[in-house]
Amino acid sequence: MSSIKFFPIAGVGVMIKFGDIIDTKINFIIRNVAQKISKIHGVIEIIPSYIDLCIYYDPSKILYEEICMIADNLAKECKDLKDNQNVNLVEIPVCYCEEFALDKESVISHTKLDWDEIVKIHTSKNYLVYMMGFMPGFCYLGGMDERINIPRLKIPREKIPKGSVGLGGSQTGIYPWASPGGWKIIGKTPIKMYDVDRKNPSVVEAGDYIKFKTINLDEFQYIQNQVENSNYEIIKRQI
């Protein structure tokens, strides 16, 4: 990792740039620095992303120079830590049937692969949750196979159904809410990625891994009924 860079934000914040490329090690360091620095007296809010960390603070309680020094020291401490210790792998069931795969033909045409192969590729990886954003429960995932790297829609849809699983460039993701969007939709999960009635509203958090599991339409409807009746237990294990 190259030397980190600090940029002041209006006298009440600092943006820390940890690198120039999306990288699992860099993201691991960012998450660890964010977790530790959030406990520092005077820190108000932290916003981690792929390669940056924004920290907002109360300048009457802690100075910009102090924040920078603490963050720099924490980053150095994290460099030699193993970045895959005790991480959660969350299984997300997905139905890839034509009813939910709104862009099936477009994806087949672009990749030159048949649908079964596309689904096999998509479900073969463990995807790292690099960051959360865009809307509550939306996770930005890394680690997708380049064979299913496809461009986004030229004209975004006004409304993508809740639970839709999409591809956008080198990324894949899940829409936790019905919303506008430009990713190409290949399936749908029956589980609620974000639920305010749960103790932990979001199914995943930054640093977790996601594994997609293929289900058929009958299984989708069965799980959906379980979810609606609060009987579905999300499969999560440590790896």
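These notebook entries record what I looked up in a predicted model of a protein chain.

**Entry 1. Domains**

I began with the domain assignment, which divides the protein chain into domain 1 (5–80) and domain 2 (88–238). I then took the centres of domain 1 and domain 2 over C-alpha atoms and found them 30 Å apart. Eight residues from domain 1 and nine residues from domain 2 make up the contact.

**Entry 2. The interface between the domains**

I noted that the size of an interface is often given as the accessible area lost when the parts come together. For domain 1 and domain 2, the buried area is about 660 Å². Carbon and sulfur atoms give 63% of that area.

I next asked how many salt bridges there are between domain 1 and domain 2. The count is zero. Two residue pairs are in polar contact between the domains, both at pLDDT 80 or more. On the side of domain 1 that touches domain 2, H1 gives the most, with three residues. I also sorted the residues of that side by type and recorded three nonpolar, three polar and two charged.

**Entry 3. Asn27**

I turned to Asn27, which is found in helix H1. Is Asn27 buried or exposed? Asn27 counts as buried because its relative accessibility is 1%, and the limit for buried is under 20%. I listed its contacts, leaving aside neighbours within four places in sequence, and found Ser49, Tyr50, Leu128, Val129 and Tyr130. With Tyr50 there is also a polar contact, in which the side chain of Asn27 reaches the backbone oxygen of Tyr50 at 3.4 Å.

**Entry 4. Asp20**

I looked next at Asp20, in the loop between strand S2 (13–17) and helix H1 (24–37). Asp20 is exposed, as its relative accessible area is 59%. Its side chain is joined to that of Lys17 by a polar contact of 3.1 Å. I also checked Asp20 against Tyr50, 30 residues apart along the chain, and found 9.6 Å between their C-alpha atoms.

**Entry 5. Salt bridges**

I searched the whole structure and found seven salt bridges. I recorded several in detail.

One of them joins the side chains of Asp72 and Lys76, with 3.3 Å from N to O. Both residues lie in helix H2 (residues 64–78), four residues apart, which is about one turn of the helix. Asp72 is partly exposed at 23% relative accessibility, and Lys76 is partly exposed at 49%.

Another salt bridge is formed by Asp103 and Arg157, whose closest N and O atoms are 2.8 Å apart. I asked which parts of the chain this pair ties together. Asp103 lies in the loop between strand S5 (88–95) and helix H3 (104–111), and Arg157 lies in strand S8 (residues 157–160), so the pair ties together parts that are 54 residues apart in sequence. Asp103 is buried, with a relative accessible area of 6%, whereas Arg157 is partly exposed at 22%.

I closed with Arg147, which forms a salt bridge with Asp145, the closest N and O atoms lying 3.0 Å apart. Arg147 counts as partly exposed at 46% relative accessibility, while Asp145 counts as buried at 15%. I noted finally that Asp145 and Arg147 are linked with Glu117 in a network of salt bridges.

Note on methods. Residues numbered from 1 in each chain as written. Predicted model: local features only at pLDDT ≥ 70, side-chain atom pairs only at ≥ 80, totals over all residues. Heavy atoms only, no water. Helix = DSSP H or I, 4+ residues; strand = E, 2+ residues; numbered from the N terminus. Buried < 20%, exposed > 50% of the residue type's maximum accessible area, 1.4 Å probe, protein only. Polar contact = N/O pair within 3.5 Å; in protein donor to acceptor, adjacent residues only side chain to side chain. Domains from an automatic or database assignment. Contact = heavy atoms within 4.5 Å. Buried area = accessible area lost by both parts, 1.4 Å probe. Salt bridge = Lys/Arg side-chain N within 4 Å of Asp/Glu carboxyl O. Nonpolar A, V, L, I, M, F, W, Y, C, P; charged D, E, K, R; others polar.
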